[in-house]
Amino acid sequence: MLRRDFLKALGCVPLICAAPNLAIAASPTGEYRNLLILIEFKGGNDGLNMVIPYADDNYYALRPRIAIPRDQVVQLDERTGLHPALQPMLPLWQAGEVAVVQGVGYPDPNLSHFRAIEIWDTASASNEYLEQGWLSRTFAQFPPPQGFAAEGVSIGSADLGPLAGGARAIVLNNADQFAREAKLADDAPIQRSNAALAHILKVENDVQHAASHLDGHYAFKTEFPKTAFGNAIHTAAEVIANQSGVAVVRISMNGFDTHTNQQPTQARLLKEFAEGVVALKASLTELNRWDTSMLMTYSEFGRRPQDNAGNGTDHGTAAPHFIIGGMVKGGLYGKPPALQQLENSNLTYGVDFRSLYSTVHQKWWRLPASSIPGGHFTNLNIIRT
Amino acid sequence: MLRFWITTILLLSATLADAAGMGEADAWHLLARTGFAPTAAELSDYARLSHSAAVDQLLAQTVQQAITPVPAELAEYSPPPRFKDLSEEEKKQFQREQIQHGLQLRARWMQEMVATPSPLTEHMTLFWHNHFVSSIQKVKSPALMLAQNQLLRRDALGNFGDMLHAVAKDPAMIIYLDNLQNRKAQPNENFAREVMELFTLGIGNYTEQDVREAARAFTGWSLDRDTGAFLNRPFQHDNGIKTVLGQTGNFNGDDVLDILLQQPATAEWVTQKLWRDLISDHPDPAEIKRLAAIFRDQHYEIRPLLRAILLSDAFWAPQNRGNLVKSPVELLVGSVRQLNIHQLDPRILALTSRQLEQDLFAPPNVKGWPGGDSWINSTTLLNRKQFLDKLTRGADMPLPEQNMIQPPATPEQRLARLTQRGMNHIDYAPDNWIGNLAAQPQDQYRRAEHLLLAAAPSEPVAPGLPPADYVRTLLLDPVYQLK
């Protein structure tokens with residue numbers, strides 16, 4: 001409020017009177033100087049065709065219609081390779097900045113989109129129903145600095161996912177549009193007596209707070225791909241360029257529910273992803289933030305190893321995920337898919353997804369060990385010290 | 001002496017007000033909760049009635065059929081095509097038609113809500129749509145979704161037991177909860193689980209074994225794919241003995257529904273859901289028991305239950321005024337009704353509602369829209385305000401495009417689409433609107449505030465604004481989001 005009054009006194013409205021860009025002058029302090037970038041593959045990404053066990057004959061036997069031919073796989077070692085659309089990411093792999101965690105899942109997996117993503121978002125057990133997103137729980141106990149524009153920014157999805165239920169978070173699709181529309185939000189003191197009104201006023205204050213901190217543009221040299229994901233990365237980079245900081249950026253990519261005709265769809269999405277990651281590294285390097293940023297992918301589930309009659313795949317269970325960043329120790333982690341030992345026609349998991357959250361918690365943000373990610377899970381040794 | 005006269009006058013006027021009716025504040029609360037925020041005429045009509053007379057009038061004026069005509073192509077069921085036999089062009093054509101019909105379906109309901117003589121009927125139809133959830137995303141057929149909507153409207157204020165039996169055999173529901181796949185040899189538990197968890201008992205009042213046994217009883221309830229009609233397939237029905245909630249017999253689906261209706265938990269589950277819809281987010285357990293007993297004693301007749309809820313102390317309590325968030329539908333339809341903007345294309349209302357995360361006929365999952373405070377996040381709040389801002393500026397709103405499947409591929413196509421698409425001109429005249437509210441300007445402003453807001457604005461409105469700015473300021477106040 002003070003800053004707003006101050007600017008008012010100067011005779012300019014914060015949203016119109018853009019502050020000079022001070023991205024380099026000050027950066028956020030404390031544990032949350034380390035930024036988490038979550039990339040959600042909405043719909044259930046087919047992990048087996050993203051990180052491919054190309055030396056396993058079972059893979060080709062299970063997928064007569066959609067297997068990636070061995071000679072097209074981007075080989076990482078003698079058994080494991082990437083989908084050819086991920087070729088642009090190869091330099092990052094070679095620089096040792098890409099951790100591939102295989103077999104991420106949880107016991108008693110749920111195959112409904114709705115329930116499965118709720119499990120991932122709230123870091124619950126399969127039969128446990130939690131209201132709050134796991135990051136909201138983290139931030140309630142260990143709040144990021146008040147000076148941050150927002151605790152979390154969500155791009156490309158109307159829901160807040162892991163930031164739902166309390167985090168100071170905003171949904172952002174286009175920073176300019178947000179700034180324009182934010183003028184419609186009031187900045188009134190919260191009235192406690194009426195819970196519904198208090199909620200609306202909190203959202204308004206979050207919007208105002210974020211909008212008043214997210215002013216100014218950074219002129220990137222990086223060229224961002226002209227795709228939906230490329231635009232999202234651009235928006236994310238502008239948020240990160242801002243002096244006032246944010247602890248989490250979450251970007252959702254849609255369209256991974258490939259029940260039919262999977263190959264062209266997944267190839268397009270993975271290409272968008274890979275090119276976006278390259279642009280992200282370039283832009284964050286410009287900002288001198290690559291070493292304090294970590295990207296992590298997630299998805300409600302992987303897909304069925306056996307392809308279906310429609311050249312697609314049905315809902316499955318465990319899947320590989322990427323963790324990428326300047327401080328990441330690249331390499332293969334977790335459990336490679338055991339295609340000869342399926343359970344109910346699906347993969348068994350090797351790494352509980354809450355291990356990833358716990359790693360973010362304790363290794364990336366250096367927060368005390370706690371049960372916020374839903375219990376105690378083994379941390380992955382994927383961060384350089 | 002002076003004090004004596006003031007007291008006397010106050011007492012007199014209070015008595016007069018009582019005799020004359022509940023007054024505008026109470027009328028606003030009743031109408032906004034049971035339908036949409038009222039027009040000036042509705043408000044003064046109901047203000048003259050007592051609480052019980054007003055509730056009785058609302059309940060007496062309900063209807064069982066919509067007044068908005070159904071386009072013929074919407075009502076006509078066509079069996080799902082065999083995609084394998086279609087060419088690419090035929091597939092695209094089919095998808096375009098599906099999208100068009102889906103939009104027509106939504107727009108027609110929006111139109112009905114704007115025009116209805118009984119907002120309570122539409123309010124309850126929407127309530128049951130969010131209770132007996134089906135989604136066009138899975139059902140696919142607009143005609144079957146329309147038929148379900150007609151069923152829910154017909155029974156919206158009728159008998160809950162009858163509605164439950166009808167919904168269980170409703171073709172859209174049969175598809176939505178996979179009873180098509182529920183066969184003796186391979187039972188599918190989806191419907192059996194949700195009918196207990198969400199439609200009747202609520203979680204914790206049945207076991208996994210009850211679900212499995214009930215699923216067997218529903219085997220064979222299916223659908224004739226050619227006509228879209230309910231079809232009982234006796235050869236797929238499991239004629240064995242089942243045990244559900246302690247009762248044993250060779251039950252069919254209707255038997256199981258009757259067993260569910262015998263459980264006290266069912267009346268309590270439905271009653272607490274209505275409490276959350278009409279009173280507050282915090283049902284009072286003792287009151288729920290009292291009201292649920294009325295519901296059961298009246299054999300699940302919905303009217304007596306609603307009457308009891310609407311005449312309860314809790315409904316009228318000061319702390320339960322303006323404490324609920326308007327749903328997107330309530331916000332949009334209420335604004336259009338209140339500001340008398342009737343030339344707004346209902347397709348725009350339908351698409352805006354989707355943007356505000358209440359896509360009619362397509363709730364996110366079988367639990368329905370979570371509602372309450374979760375309607376409001378930074379995106380939906382800004383989108384709500386942007387719509388209201390446009391509305392009060394009389395801005396032109398783009399009509400939905402004929403073909404919304406593919407984004408334009410080339411810049412030329414994009415340009416063509418922008419220049420060719422129709423615009424819906426909003427002919428809103430705030431001066432006339434506010435001028436009709438009262439004779440004196442200061443009364444006009446006060447009346448506009450009482451008509452538009454559930455409570456005083458969260459920030460006082462600056463004096464001296466022209467009518468258009470004054471109305472816009474009220475609409476953009478956070479309190480406008482409340483009912």
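Two residues are taken to be in contact if their C-beta atoms, placed from the backbone, lie within 7 Å. By this criterion, in what is a predicted model, 23 residues of chain A are in contact with 23 residues of chain B. On the chain A side, three elements each supply at least two of the residues that touch chain B: the strand β7 (169-172) and the helices α6 (175-182) and α7 (195-213). The largest share belongs to α7(A), with 10 residues. Sorted by class, the side of chain A that touches chain B holds 16 nonpolar residues, along with three polar and four charged ones.

Turning from the interface to chain A as a whole, its secondary structure consists of 10 helices and 12 strands. The chain has 385 residues, and 52% of them are buried. Contacts within chain A often link distant parts of the sequence: among those with a separation of 6 or more, 72% are between residues 24 or more positions apart.

One small piece of this architecture can be followed strand by strand. Three strands of chain A form an open sheet in the order β2-β4-β3, and their pairing is antiparallel. β2 (51-52) and β3 (74-75) of chain A lie at the edges with a single partner strand each, so one side of each has no neighbour in the sheet. Between β2(A) and strand β4 (residues 81-82) of chain A, the antiparallel pairing runs over two bridges. A helpful place to look is A:Val51, which stands opposite A:Leu82 in β4(A).

How values were computed. Residues are numbered from 1 along each chain as its sequence is written. Chains are lettered from A and ligands numbered from 1 in the order in which they are written. This is a predicted model: local features need pLDDT of at least 70, side-chain atom pairs count only at pLDDT 80 or more; totals for chains, interfaces and linings use all residues. Helices (H or I, at least four residues) and strands (E, at least two) are DSSP runs, numbered from the N terminus. Ala, Val, Leu, Ile, Met, Phe, Trp, Tyr, Cys and Pro count as nonpolar, Asp, Glu, Lys and Arg as charged, and the others, Gly among them, as polar. A residue is buried if 20 or more other C-beta atoms lie within 10 Å of its own, exposed if 12 or fewer, and partly exposed in between; C-beta atoms are placed from the backbone. Two strands pair if DSSP finds at least two bridges between them.
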